[in-house]
Amino acid sequence: MRRGVLIFLIINITIIAFLVHSVWTLLSLLVVDGSADAISRAELPAPGSNLIDGRPQLIPKIIHQTYINTSIPERWQGPQKTCIDLHTPQDGWEYKLWTDAMSRDFIAAEYPWFLKTFDGYEFPIQRADAIRYFVLAHFGGIYIDLDDGCNRSLEPLLSYPAWVHRTIPTGISNDAMGCVPQHPFFMHVMDSLPKYDRKWILPYITVMATTGPLFLSVMWRHWSSDGLNVGDAQVRVLFPDEYFNHPWSFFTHHLGNSWHGDDARFIFWMAKHWMFLTFAGFLAAGVVFAALWYAYGRFVLGMSWKGQVTRRRLPFWRKPNNIDYELVQRHEV
Ligand SMILES: *[C@@H]1O[C@H](CO)[C@@H](O)[C@H](O)[C@H]1NC(C)=O
């Protein structure tokens, strides 16, 4: 092989390897389903079962929710009430609604190193995302989005040091999750927030990747692949059937997500067609590769597009030898 071809191939392979490496975590999220960490339905006692009292209670009985202020919009008052009614102070539960003002005061007082990032977020939803990790890791408890209602008491979910909610097709969400105070996974999440604070082109991607479900999914993926998801540091996973839509599920979901814009609809479209898009991506990579190959032959080696040698002497896959040179030279005379 000619040296030029070798360099061409090495450059291309390096570029492809770099691209694959940079999206490796995302690609692996498509295939890693977290079932090894699933909270199985067999171990979850039914609502009201006597088994519930016998289980360890590791997570403190605190429910955290967040909103701009205390005037919760009407469409969320119903779901909010179902959670409050099922977890009463008589049963030892505490309810905390984190308003914007309370959230900022809390960060300023307890985690001042984060205040600059917190205040600097462009979108309010980023602060709403970030604060849930901080209050969870600080106090322990269960965080629930305001557009989620409770279908049964969450007591059985107190038996795990930490759990998150699996979403389909990939990753986990940050709409409901629980942990003990200072759980290592959530402290790692807090530590990582400033590093992930970047601007992406679309607001939706920025929110998802800096503080939202995509950010948390990447954290979760690394936590496993780095071998940290073991023992008390293990993060268990609540799968969709245990999450909602069944009599034994813990939550009900109400349409919410008022912050989604047009770019979000575009991303949802992409998520729905990810198989096609992956295929299209590979096809595009192939076309680029072919184009580079052609350009290499055309301009570096001086071949016409039918493969005839015009400027230089030889097709690049042939080793030069004396006869070729002689022939070429004769032609030129
Ligand atoms: C709470 O925030 C909403 C939305 O910004 C606003 O319309 C409402 O007046 C606020 N309520 C209070 C009590 O400040």
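The exercises below, each with a worked solution, concern a predicted model.

**Exercise 1. Find how many aromatic pairs the whole structure holds, then describe the pair formed by F8 and F289.**

Solution. A search of the whole structure gives 22 aromatic pairs. In one of them, F8 and F289 have ring centres 5.8 Å apart and planes at 55 degrees to each other, and the pair counts as tilted. The next step is to place the two residues along the chain: F8 belongs to helix α1 (residues 3-22) and F289 to helix α12 (residues 274-300), so that the pair links parts of the chain 281 residues apart. As for their surroundings, F8 is buried because its relative accessibility is 8%, whereas F289, at 29%, is partly exposed.

**Exercise 2. Decide whether the pair of F289 and W293 is stacked or tilted, and work out how the two residues are placed in helix α12.**

Solution. The ring centres of F289 and W293 are 6.5 Å apart, and the angle between the planes is 15 degrees. Because planes under 30 degrees apart count as stacked, the pair of F289 and W293 is a stacked one. Within helix α12 the two residues are 4 residues apart, which means that about one helical turn separates them. W293 has a relative accessible area of 32% and is therefore partly exposed.

**Exercise 3. Identify which aromatic cluster F139 belongs to, and which charged end sits over the ring of F139.**

Solution. F139 is part of one aromatic cluster, which it forms together with W98, F106, Y111, W113, F114, F118, Y121 and F134. Over the ring of F139 sits the charged end of K96, 4.3 Å from the ring centre. K96 also takes part in a salt bridge with E94, in which the closest N and O atoms are 3.4 Å apart. Turning to accessibility, K96 is buried at 18%, while E94 is partly exposed at 39%. A charge over a ring is also found elsewhere, where the charged end of R75 sits over the ring of W76, 4.3 Å from its centre.

**Exercise 4. Describe the two faces of strand β3 and name the strands with which β3 pairs.**

Solution. Strand β3 spans residues 141-144, and both of its faces are covered: G141 and Y143 on one side, and I142 and I144 on the other, are all buried. Strand β1 (residues 62-66) pairs with β3 in the parallel sense over 2 bridges, and here I63 stands opposite I142. Strand β6 (residues 172-179) pairs with β3 in the antiparallel sense over 4 bridges, and here I144 stands opposite A176.

**Exercise 5. Count the salt bridges, then set out the one between E122 and K199 and the one between R132 and D129.**

Solution. The count comes to 9 salt bridges. In the bridge between E122 and K199, the closest N and O atoms are 3.9 Å apart. This pair links distant parts of the chain, with E122 in the loop between α5 and α6 and K199 in the loop between α7 and α8, 77 residues apart. E122 is partly exposed at 47%, and K199 is exposed at 59%. In the bridge between R132 and D129, the closest N and O atoms are 3.6 Å apart; both residues lie in helix α6, 3 residues apart, about one turn of the helix. R132 is buried at 4% relative accessibility, and D129 is likewise buried at 4%. Finally, R41, D241 and E242 are joined into one network by salt bridges that share partners.

Terms used: Residues are numbered from 1 along each chain as its sequence is written. This is a predicted model: local features need pLDDT of at least 70, side-chain atom pairs count only at pLDDT 80 or more; totals for chains, interfaces and linings use all residues. Side-chain values use heavy atoms; hydrogens and water are left out. Rings of Phe, Tyr and Trp (its six-membered ring) pair if their centres lie within 6.5 Å; planes under 30 degrees apart count as stacked, over 60 as edge-to-face and the rest as tilted. Buried means under 20% relative accessible area, exposed over 50%, partly exposed in between (1.4 Å probe, protein chains only). A charge sits over a ring if NZ of Lys or CZ of Arg is within 6 Å of the ring centre and within 35 degrees of the ring normal. Two strands pair if DSSP finds at least two bridges between them. A salt bridge is a side-chain nitrogen of Lys or Arg within 4 Å of a carboxyl oxygen of Asp or Glu.
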